[in-house]
Amino acid sequence: PIVYPFSLVPAGLRFWYVLINPMAILIDGYRAALLHGKIPDLALLTLAAIMAVAVCVAAYVYFRRAEREFADII
C-alpha cells in the first residue's frame with residue numbers, strides 16, 4: 001500500500017485486500033488528502049474502523065482464553 005494506490009488493486013480483489021491489510025485504506029486516505037487534496041473515501045475508512053474494532057475484540061477474547069496458560073515467571 002505504500003508503493004501503489006488502492007485504485008490499482010483489481011476491483012474483484014479489493015475486499016480481500018482490505019481484509020488482509022486494513023492499514024492500506026488509511027494509507028490511501030492519507031495519500032488522497034496530502035498529495036491530491038481530496039477527501040478520503042469515508043465508506044472505506046468506516047470499513048477499516050470496523051475491521052480494527054473486530055480485530056481488537058478477537059484479540060481480547062483470545063488473550064482472555066490463553067491467559068490461563070501463561071507462565072507467571074518474574
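Is R31 buried or exposed? R31 is buried, with a relative accessible area of 17%, and the points below return to this residue after a word on how far the model can be trusted.

1. On confidence. The structure is a predicted model, and the mean pLDDT of the protein is 85, with 96% of its residues reaching 70 or more. Confidence is not even along the chain: the mean is lowest in helix α1, at 81, and highest in helix α3, which covers residues 42-66, at 90. As a general caution, where pLDDT is low, the predicted coordinates should not be read in detail.

2. On the nonpolar core. The largest nonpolar core has 8 residues in all, namely F6, V9, Y17, V18, A24, I25, L44 and A48. Helices α1, α2 (23-35) and α3 each supply at least two residues of this core. In soluble globular proteins, nonpolar side chains tend to be buried together. One member of the core, A48, touches P22 and I25 when residues up to four places away in sequence are left out of the count.

3. On the nonpolar patch at the surface. Not every nonpolar side chain sits in that core, for L13, F15, W16, L19 and I20 form a nonpolar patch on the surface, and together they have about 570 Å² of accessible area. Within this patch, I20 belongs to helix α1, which runs over residues 14-20. I20 counts as exposed because its relative accessible area is 71%, and exposed here means over 50%. A reader who wishes to interpret I20 should bear in mind that α1 is the part where confidence is lowest, at a mean of 81.

4. On the surroundings of R31. This arginine has its place in helix α2. Setting aside residues up to four places away in sequence, R31 touches P1, I2, V3, Y4, P5, F6 and H36. Of these neighbours, F6 is also listed in the largest nonpolar core. R31 is classed as buried because its relative accessible area is 17%, and the cut-off for that class is under 20%.

5. On the salt bridges. A search of the whole structure finds 2 salt bridges. In one of them D28 is paired with R31, and the closest N and O atoms are 3.4 Å apart; because D28 and R31 lie 3 residues apart in helix α2, about one helical turn separates them. In the other, the side chains of E67 and R64 meet, with a distance of 3.1 Å from N to O. Whereas R31 is buried, E67 is partly exposed, with a relative accessible area of 34%, and R64 likewise counts as partly exposed, at 43% relative accessibility.

6. On P40 and the loop. The loop between α2 and α3 is the place of P40, which counts as partly exposed at 23% relative accessibility. Apart from residues up to four places away in sequence, P40 touches G29, A33 and L45. By contrast, P40 and V9, which are 31 residues apart in sequence, are 17 Å apart in space, C-alpha to C-alpha.

7. On separations along the chain and in space. L26 lies in helix α2 and is partly exposed, with a relative accessible area of 36%; L26 and A49 are 23 residues apart in sequence and 9.4 Å apart in space, C-alpha to C-alpha. Y62 lies in helix α3 and is exposed, with a relative accessible area of 60%; Y62 and I27 are 35 residues apart in sequence, and their C-alpha atoms are 28 Å apart in space. Finally, A11 has its place in the segment before α1 and is exposed, with a relative accessible area of 64%, while the C-alpha atoms of A11 and R31, 20 residues apart along the chain, are separated by 19 Å.

Technical notes
Residues numbered from 1 in each chain as written. Predicted model: local features only at pLDDT ≥ 70, side-chain atom pairs only at ≥ 80, totals over all residues. Heavy atoms only, no water. Patch = residues over 30% accessible without salt bridge, like charges linked within 9 Å, V, L, I, M, F, W, Y side chains within 5 Å. Areas by Shrake-Rupley, 256 points an atom, 1.4 Å probe, with all protein chains shown as cover. Salt bridge = Lys/Arg side-chain N within 4 Å of Asp/Glu carboxyl O. Helix = DSSP H or I, 4+ residues; strand = E, 2+ residues; numbered from the N terminus. Buried < 20%, exposed > 50% of the residue type's maximum accessible area, 1.4 Å probe, protein only. pLDDT = per-residue confidence, 0-100. Core = buried A, V, L, I, M, F, W, Y, C linked by side-chain atoms within 4.5 Å. Contact = heavy atoms within 4.5 Å.
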